[in-house]
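Me: I would like a close look at one part of this model, set against the whole chain. Please keep it brisk.

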Amino acid sequence: MKFLRNFMDKLAPTFEEGGKLSKFYPIYELIDTILYTTADVTKNASHIRDGLDMKRMMTIVIIGLQPALLMAAYNSGLQANLAIDAIGQNPEGWRAGFLVWIGLGFDPSSLLDNFFHGFMYFLPVIVVTMTVGGFWEVVFAIVKKHEINEGFLVTGMIFPLILPPTIPLWQVAVGISFGVVIGKEIFGGTGMNIFNPALISRAFLFFNFPAAMSGTEVWTAVDGFSGATPLGIIADTGLASLTDVTWLDAFYGFIPGSMGETSTLAILLGAGILVFTRIGSWQIMLSIFVTAGATALFLNQFPSDTNAMMTLPPEWHFVLGGLAFGAVFMATDPVSAAMTDKGKWIYGILIGFMVIMIRVINPAFPEGMMLAILFGNAFAPVIDNFIVRANIKRRKARYGTA
């Protein structure tokens with residue numbers, strides 16, 4: 001490792017100001033700080049020193065995403081293999097050829113068959129996301145002459161998890177480009193954006209390419225097979241029509257849906273990591289779940305013959321769609337969420353209320369979490385502003401300076 005440190009130190013003058021490759025210093029700095037801690041540290045008062053920098057914070061979030069990522073691969077393959085088994089279709093294409101080449105098949109009862117089949121869909125999406133999104137990060141870092149921010153690593157990990165397995169790869173590239181460039185960089189980069197970049201990317205795809213983001217054909221990666229998500233089925237015909245899916249199936253994640261959003265169990269494991277390390281706000285998570293449950297329970301008191309979602313119990317809302325994933329990994333984004341302690345509660349309550357209202361009252365959007373979080377992002381600065389002003393007013397009154 002000493003040899004590597006010496007090698008990086010010898011390269012430094014080439015990339016620093018005045019060097020031949022000074023324009024590419026952000027790339028050098030990125031590699032150097034991934035391998036080693038930064039050389040720029042505070043030593044004297046009055047700075048608060050903390051061992052948790054942005055890279056380490058982003059690393060913990062990525063670790064928290066791993067259970068959902070593993071389930072994304074496994075469940076995508078499971079749903080595809082179940083569909084293949086149901087229709088008796090003989091799979092074709094490079095994915096099928098690769099599985100056969102490594103000695104695997106399409107057996108829904110085989111853990112390895114399911115995992116590797118699903119991985120063949122998830123891997124290209126995350127590779128395109130990281131490549132294209134990383135390209136834009138490097139371009140803006142070079143043009144603005146600042147370091148490459150690690151926030152994209154989390155965005156690049158979350159975005160594939162909120163997409164269907166059949167999403168065309170060119171749409172993945174367009175979506176992440178929009179999210180990075182329009183959703184973040186034009187606001188000034190990491191720490192300056194007012195909306196979650198991953199959600200901006202998904203919203204762009206949802207409204208511009210609805211056929212690839214919704215409907216009955218996009219959730220199972222098998223040609224010739226169609227089937228809506230459980231949430232879509234309930235919105236159309238009610239909970240009673242969901243005869244082949246139990247609540248535990250939905251909780252574990254063995255249902256069709258966006259690749260990383262189906263398993264509430266995997267998401268809660270990630271939530272435990274974020275809360276234990278104090279990276280994710282438990283106030284936001286708890287307020288979203290409690291408010292969503294209370295709102296759903298209230299609407300249950302008003303059954304409707306024309307709206308099956310009015311009677312969907314709260315426990316089903318928690319395990320269907322993106323409510324759990326959004327509450328844990330996207331609503332808690334420290335940049336676009338409320339930052340004050342009281343503001344976090346209000347922010348979470350707003351999102352929890354909005355997601356149920358959108359799901360139940362608006363038949364055009366049976367999901368709702370994406371729009372609810374973006375709505376919360378828009379109001380987060382206003383919420384914090386009122387909280388700060390109220391604190392200033394109380395302090396002035398306390399010390400007689402009002």
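What percentage of the 402 residues of the chain count as buried? Then take helix α6 (residues 151–161): is it enclosed or open, and what covers its buried residues?

Reply: Note that this is a predicted model. Of the chain's 402 residues, 50% count as buried.

Now the helix. In α6 (residues 151–161), 10 of the 11 residues are buried, so the rest of the structure largely encloses this helix. Buried here means under 20% relative accessible area. The buried residues of α6 start with Gly151, Phe152 and Val154. Thr155, Gly156, Met157 and Ile158 are also buried. Phe159, Pro160 and Leu161 complete the list.

Several helices help to cover them. The cover for the buried residues of α6 includes α3 (54–87) and α5 (111–144). It also includes α7 (169–181), α8 (197–208) and α15 (323–330).

Next, the nonpolar interior. The largest nonpolar core has 84 residues. Leu163, Phe325 and Tyr347 have the most contacts inside this core. Look at Phe325. Leaving aside residues up to four places away in sequence, Phe325 touches Ile158 and Leu161, both of them buried residues of α6. Phe325 also touches Leu65, Ala68, Ile162, Gly260, Glu261, Ile267 and Met330. Another core lies apart from the largest one and has five residues, among them Ala96, Leu99, Leu104 and Phe106.

Now the whole chain. It has 17 helices and zero strands. Among contacts with a separation of 6 or more, 72% join residues 24 or more positions apart. The radius of gyration is 23 Å, which agrees with the value near 21 Å for a compact globule of 402 residues. Taken along the principal axes, the C-alpha atoms fill a box of roughly 70 × 65 × 35 Å.

Then the surface. The chain exposes about 20000 Å², and carbon and sulfur atoms supply 66% of that area. Charges come next. The chain has 24 positive and 28 negative charges, and their mean positions are 18 Å apart.

For contrast with the buried helix, take Arg278. This residue is in the loop between α12 (264–276) and α13 (282–299). Its relative accessibility is 76%, so Arg278 counts as exposed; the cut-off for exposed is over 50%. The backbone of Arg278 also deserves a look. Its phi is near 65 degrees, a positive value in a residue other than glycine. Most residues other than glycine have a negative phi.

How values were computed. Residues are numbered from 1 along each chain as its sequence is written. This is a predicted model: local features need pLDDT of at least 70, side-chain atom pairs count only at pLDDT 80 or more; totals for chains, interfaces and linings use all residues. Side-chain values use heavy atoms; hydrogens and water are left out. Helices (H or I, at least four residues) and strands (E, at least two) are DSSP runs, numbered from the N terminus. The radius of gyration is taken over C-alpha atoms; the globule rule is 2.2 Å times the number of residues to the power 0.38. Buried means under 20% relative accessible area, exposed over 50%, partly exposed in between (1.4 Å probe, protein chains only). Contact means heavy atoms within 4.5 Å. Accessible areas come from the Shrake-Rupley method with a 1.4 Å probe; for residues, only the protein chains shown count as cover. Lys and Arg count as positive and Asp and Glu as negative; His and the chain ends are not counted. The place of a charge is taken as NZ of Lys, CZ of Arg, CG of Asp or CD of Glu. A nonpolar core is a set of buried Ala, Val, Leu, Ile, Met, Phe, Trp, Tyr and Cys residues joined through side-chain atoms within 4.5 Å.
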